[in-house]
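Hi,

Here is the structure I said I would pass on. Have a look at it first, and then read on for what turned up.

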Amino acid sequence: MDGLCFPRSSNNSTSLMHLATGIIESFIPGYEDVARYMTETFGFDFNIFVSAAAHIVTLLAALGFLWSRCRTVGLDYVMSSIHFDERDEMFTTILNWLAEQNVGKSATKLKPASNQPRQKQIEELEDDDGFDASELFHAGRWSTKSIPLYELFFGRYRFWRGCRLFILERQRREKVARYADEENIVLKTLGWSTEPIKELLKAIKTWEFEQEESKTIVWSPQSKDVRRYQGAWRRVASRPTRNINTVVLDAQQRAGLIADMNEYLQPRSYRWYASRGIPYRRGYLFHGPPGTGKSSLSFALAGLFGLDVYIISLLDPQITESDLSALFSSLPQRCIVLLEDIDSAGLERDQGSSKNKKDGGKRDYSEHTESITLPDEELTGGISLSGFLNAIDGVASQEGRILVMTTNFPEQLDPALIRPGRIDNQIAFTLAKKDQMREMFLQIYWNETDPLETITYDINELEKLADQFVGAIKEDTFSPAEIQNFLILKRKDPHQAVQDVDAWKCEVLKAKESGSNVVTGIER
Ligand SMILES: Nc1ncnc2c1ncn2[C@@H]1O[C@H](COP(=O)(O)OP(=O)(O)OP(=O)(O)O)[C@@H](O)[C@H]1O
């Protein structure tokens, strides 16, 4: 310290001061010169000033830290909270709800909504009339109009509901595995009861219901590698609900089916089944030729009763028998499980052929049907009939679900698959009857409720045209899908449909007879 010109004193505080000056100098070269200059200019020891400032800053930082700890611990003590991770059904709903509230609208940090169904953006576009229908459609241009949906970024948000303050914290969590949850949210409020948060959650659920009232949510099995962390099912679509009246069926058949499902779904039915020891499950088989409305009716029924649809393909190589059991056990209490084209799912029983015979895990179904032993594993699709029956009947399988199987070939199904108790009601779909064709014709051209249509037809005129149209086609000849396809082609003019129906009919029949199923060109 020889180079220093500060007045020397023998007391300890001065030597400490010089020590401090030396330390500061080693971090900030030139500090000594500045300190000397300041001391000489202003006539006081600048080192004392710096040292005091350093003490004050340290003290304030310590106090700040203590305050934040006390506040967190103290607030945690007087607050109740409910925690959600990504697997919880409410996780996305809460974020979506919040994004719509003032807190979401005024937030300065947002992120694109990861779980928002793409469908929503597309629907918002559908109302867009900024497109000229006479121009060629261009998907790229159309998609530039899509409005991305956002949700709150990680952080802490406060919002009021009535007189109560709520806090939402969106937190990133440490990754415990490749596909593990990476975030969670915590809803907090002041007080030692979680009731106000539960009330809020009920209101959020109601909001969600109102948002999706006219939607049917479709789920499919989660892919294998993420199933363990993100649950068995994944929401794949949210489709506009199909009005049950748009599926043209025999009126009595439709009414009977609706009454049957309604009776089953009523909460009191659960008690009735339980008190008699009958498993609370119901199964339907929709059978008939392709394009007769089996899938359409399944979705329309889901919409009518507000049920989600869970679709499983038994041919999915990712689904093993144990996966199937897990899928059935993690269904919600009320839903429709749709298994389409069950005849092609390769569910076979082992008849003792050397090809299929396996030693282990046999199950005897003699009690239910003829004396036949089924192995636990068959070849096709990895799911055997016994594995499938175990999954749908097993103790872990969710009660309250409705199983709908569809097939074009009911006669090919194993009796064990469709025995009462598994399939309680069978609905036969047929090729188009006269009444069905008439109803379809009227539905296509009667646009009373469609404000986008420019031409409206008088209902009496339409009824006359419908009669002419139906008069030209023999019933049980074409599927409703074929009729619909023709009417869509002629959707601009019902007169044209009546005029062209003979030519169309001949062409389709000719194609069917030749087995080609190919009809020439599209003529409007
Ligand atoms: N009964 C019907 N009422 C109204 N539309 C129908 C009817 N049947 C078929 N369609 C129309 O035909 C198309 C195909 O129908 P859908 O997929 O429901 O038939 P499907 O019987 O399930 O056929 P597949 O056996 O090939 O799966 C849909 O667009 C649907 O609107």
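To start with a small puzzle: is phenylalanine 209 buried or exposed? Keep in mind that this is a predicted model. Phenylalanine 209 sits in helix H8, which covers residues 195-212. A residue counts as exposed if 12 or fewer other C-beta atoms lie within 10 Å of its own. Phenylalanine 209 has 10 other C-beta atoms within 10 Å, so it is exposed. If you want a sense of scale, take phenylalanine 478 as a second marker: from phenylalanine 209 it is 269 residues away in sequence and 39 Å away in space, C-alpha to C-alpha.

Now the overall layout. The domain assignment splits the protein chain into domain 1 (12-76), domain 2 (78-129 + 137-213), domain 3 (230-428) and domain 4 (434-513). Between the C-alpha centres of domain 1 and domain 4 there are 90 Å.

The ligand is probably what you will open first. Its shell is made up of 17 residues, and the closest are Pro290, Gly293, Ser296, Pro480 and Ala481. Helix H12 (294-305) and helix H17 (480-489) are the elements that give two or more residues to that shell. Sorted by class, the shell holds 7 nonpolar, 8 polar and 2 charged residues. And where does the ligand lie with respect to the domains? Both domain 3 (230-428) and domain 4 (434-513) give residues to the shell, so the ligand lies between these two.

Then there is the sheet. It is an open one with 7 strands, and you can trace it in the order S8-S7-S10-S11-S14-S9-S15, with mixed pairing. Strand S8 (233-240) and strand S15 (425-428) are the edges, each pairing on one side only. From one strand to the next, the twist averages 25°. Further in, strand S11 (residues 335-339) pairs with strand S14 (residues 401-407) in the parallel sense, over 5 bridges. To find that pairing on screen, go to leucine 339: its bridge partner in S14 is methionine 405.

One last stop is helix H11, residues 267-275. How many of its 9 residues are buried? The count is 0, so H11 is hardly covered, given that being buried takes 20 or more other C-beta atoms within 10 Å. After H11 comes glycine 277, with a positive phi near 70°.

That's the tour; shout if anything looks odd on your side.

Cheers

Definitions and conventions: Residues are numbered from 1 along each chain as its sequence is written. This is a predicted model: local features need pLDDT of at least 70, side-chain atom pairs count only at pLDDT 80 or more; totals for chains, interfaces and linings use all residues. Two strands pair if DSSP finds at least two bridges between them. Helices (H or I, at least four residues) and strands (E, at least two) are DSSP runs, numbered from the N terminus. Axes are lines fitted to C-alpha atoms, for helices over the stretch in contact, and angles run from 0 to 180 degrees between N-to-C directions. Domain bounds come from an automatic or database domain assignment. A residue is near a molecule or strand if its C-beta atom, placed from the backbone, lies within 6 Å of it. Ala, Val, Leu, Ile, Met, Phe, Trp, Tyr, Cys and Pro count as nonpolar, Asp, Glu, Lys and Arg as charged, and the others, Gly among them, as polar.
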